[in-house]
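Student: I am new to this structure and would like to understand one part of it properly. Please choose a single element and take me through it slowly, explaining each term as it comes up.

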Amino acid sequence: MMKSRTLALSLLVLASLPAVAAEKFDYKSMAKQQAGNYAAEKLNLPTAATAGAKVYFPTLKDGDTVSSPVIVVFGLTAMGIAPAGTQLEGTGHHHLLIDDPTVDYTLPLPMTDQIKHFGKGQTEAALTLKPGKHTLQLVFGDWKHQSFNPSVQSEKITITVK
Ligand SMILES: [Cu+2]
């Protein structure tokens, strides 16, 4: 529904442009970009991270004792946030790894109870965790949920939930 409306709108915009304007669209590079995206997705090509990019927990530290729900804030330096599926250079979305799941960094991160995606661009979460020790780690992912190259991930912290 949303898609067809956007399409109709872009067709309308295209139709209302003077004929010369159409020549300003660089179809060749647009096609190249699309082919590149397709290949990146099919081959699981990692996206280059911005130099100095970092994710971290600004409000939690290793060894903290907290109560559930745990408010986890996601810190990010040198890159920006974009919703999942939106390919924009220097951006990505947060993933939170809970209790040390095994992760294959050459593939998109799966969505599991232990691997939470924040694909809407969220920068914090309220986590319901059972009492006891838990580990938390942030992994920043690209538009296709894949870890960057080099990987942008936080240290793994252990917290105790009361
Ligand atoms: Cu994701």
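Tutor: We need the vocabulary of elements before anything else: helices (H or I, at least four residues) and strands (E, at least two residues) are runs assigned by DSSP, and they are numbered from the N terminus. Two strands are said to pair if DSSP finds at least two bridges between them. Residue numbers start from 1 along each chain, as its sequence is written. What you see is a predicted model, in which local features need a pLDDT of at least 70 and side-chain atom pairs count only at pLDDT 80 or more, while totals for chains, interfaces and linings use all residues. Here pLDDT is the predictor's confidence in each residue, from 0 to 100; its mean over the protein is 88, and 86% of the residues reach 70 or more.

The protein has three helices and 10 strands, and reading from the N terminus the three helices come before the strands, in the order α-α-α-β-β-β-β-β-β-β-β-β-β. The part I would like to examine is strand β9, which covers residues 132–141.

Let us begin with its partners. With β6, which covers residues 91–98, strand β9 pairs in the antiparallel sense over six bridges, and one of the residues involved is Gln137 of β9, the bridge partner of Leu97. Strand β9 also pairs with β10 (residues 157–161), again in the antiparallel sense, over five bridges; here Leu136 stands opposite Ile157 of β10.

The next topic is the core. A residue is buried if 20 or more other C-beta atoms lie within 10 Å of its own, exposed if there are 12 or fewer, and partly exposed in between, with C-beta atoms placed from the backbone. A nonpolar core is a set of buried Ala, Val, Leu, Ile, Met, Phe, Trp, Tyr and Cys residues joined through C-beta atoms within 7 Å. The largest such core here has 16 residues, of which Val55, Leu138 and Phe140 touch the most other members. Both β6 and β9 supply at least two residues of this core, and β9 gives the most, with four residues. As background, nonpolar side chains in soluble globular proteins tend to be buried together. Buried residues make up 17% of the 162 residues in the protein.

Two residues of this stretch deserve individual attention, and for them we need one more term: a contact is a pair of residues whose C-beta atoms, placed from the backbone, lie within 7 Å. Leaving out residues up to four places away in sequence, Leu138 touches Val55, Phe57, Phe74, His94, His95, Leu96, Gln153 and Ser154. Its neighbour in the list of things to inspect is Val139, which is found in β9 and counts as buried because it has 22 C-beta neighbours inside 10 Å. Apart from neighbours within four places in sequence, Val139 is in contact with His95, Leu97, Leu109, Ser147 and Gln153. Although Val139 and Tyr56 are 83 residues apart along the chain, their C-alpha atoms are separated by 9.3 Å. For the protein as a whole, among contacts between residues at least 6 apart in sequence, 68% join residues at least 24 apart.

Finally, consider the loops that belong to this picture. The loop between β9 and β10 contains Pro150, which is joined to Asn149 by a cis peptide bond with omega of about -5 degrees. The loop that lies between the partner strand β6 and β7 (115–118) contains Asp99, whose phi is positive, near 60 degrees. Asp100 is found in that loop between β6 and β7 as well, and its phi is also a positive value, near 55 degrees. Such features stand out, since most residues other than glycine have a negative phi and most peptide bonds are trans. Asp99 counts as partly exposed because 14 other C-beta atoms lie within 10 Å, and Asp100 is likewise partly exposed, with 13 C-beta neighbours inside 10 Å.

One caution concerns a separate stretch: over residues 9–17 pLDDT stays under 50, and the model has one contact beyond four places in sequence for them.
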